[in-house]
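Visitor: I am new to this structure. Please pick a single part, look at it closely, and then show me what surrounds it.

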Protein chains: 2
Amino acid sequence: MKISTDRERSCPVTATLSVIGGRWKPIIIYTLSNGSKRFGQLAAFIPGISRKVLTDQLKELERDGLVLREEFKETPPRVEYSLTKKGASLGPVLLAMCEWGQEHLMNRAIEEKVLV
Amino acid sequence: MKISTDRERSCPVTATLSVIGGRWKPIIIYTLSNGSKRFGQLAAFIPGISRKVLTDQLKELERDGLVLREEFKETPPRVEYSLTKKGASLGPVLLAMCEWGQEHLMNRAIEEKVLV
């Protein structure tokens, strides 16, 4: 119960940041937004992420109800990750952050490079 | 130059999170969105923040071009903080995060409380 109590106390923006914040979660959510993926596929789509970090981030996303982990009893066993309805509903939030970042941070970085 | 190089490499969402992430920055930006404030006013509007953390967060927001610090040479000297145009442009981003948090995290917290 601790997590939800903390979230209740905090502002909704901080609560949202608590589930999508960090370096990898937005990229994982984005990668899953065009369909379910196996662990190895996710790792291949996200350069620079270690298997341990990806495992931990997926567990947190699953705990927060954004990602669904499904085991298929095949040989060899197959595990797939997909966005839940709640995870998919983050689309407009990520888009707003993406557009702001592109306009205000990526351009500035390029301008600074030209000026220096 | 390190910060902008890192931002260039990262996705725009991660870049946005790097300037507004953390527990306090969204609340500071929201508090400044309805007009400039003195340091003491900001501290009073944001319960639970220490003077040291508020000072550090304001310095980072100033460095990232989201907050303007103005010194007025009066007796006693007056310092005011306000949002820059870039800081104010974060409004829709924070609103999207706020609405998502209210719908998906605050309600769930309340539901959980009712169920337990």
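Guide: What follows is a close look at helix α2 of chain A, and then at its surroundings.

This is a predicted model, in which local features need pLDDT of at least 70, side-chain atom pairs count only at pLDDT 80 or more, and totals for chains, interfaces and linings use all residues. Residues are numbered from 1 along each chain as its sequence is written, with chains lettered from A and ligands numbered from 1 in the order in which they are written.

Let us begin with the helix. Helix α2 of chain A spans residues 12-20, and 8 of its 9 residues are buried (a residue is buried if 20 or more other C-beta atoms, placed from the backbone, lie within 10 Å of its own, exposed if 12 or fewer, and partly exposed in between). Helices here are DSSP runs of H or I with at least four residues, strands are runs of E with at least two, and both are numbered from the N terminus. The buried residues are P12(A), V13(A), T14(A), A15(A), T16(A), L17(A), V19(A) and I20(A). After the helix comes G22(A), with a positive phi near 100°.

From here we can step to a neighbour. T16(A) is touched by V93(A), which also contacts A96(B), M97(B) and W100(B), leaving aside residues up to four places away in sequence (contact means C-beta atoms, placed from the backbone, within 7 Å). V93(A) also stands out in the largest nonpolar core, a set of 44 residues where V93(A), I29(A), I29(B) and V93(B) touch the most other members. The largest share of this core, 6 residues, is supplied by helix α7 (residues 91-115) of chain A. Such a core joins buried Ala, Val, Leu, Ile, Met, Phe, Trp, Tyr and Cys residues through C-beta atoms within 7 Å. In soluble globular proteins, nonpolar side chains tend to be buried together.

Now for the chain around the helix. Chain A has 7 helices and 3 strands, in the order α-α-α-β-α-α-β-β-α-α from the N terminus. Of its 116 residues, 29% count as buried.

For a contrast with the helix, look at the loop between β2 and β3 of chain A, where P77(A) lies. P77(A) is exposed because 8 other C-beta atoms are within 10 Å of its own. Beyond residues up to four places away in sequence, P77(A) touches E71(A) and F72(A). P76(A) is in this loop too, between β2 (67-72) and β3 (78-83), and a cis peptide bond with omega of about -5° joins T75(A) to P76(A).

How confident is the prediction? Chain A averages a pLDDT of 86, and 83% of the residues score at least 70; pLDDT is the predictor's confidence in each residue, from 0 to 100. Within chain A, confidence is lowest in helix α1 (residues 2-9), with a mean of 48, and highest in helix α5 (residues 51-63), at 97. Over residues 1-5 of chain A pLDDT stays under 50. Where pLDDT is low, the predicted coordinates should not be read in detail. The model as a whole scores ipTM 0.79 and pTM 0.76.

Technical notes
Contact = placed C-beta atoms within 7 Å.
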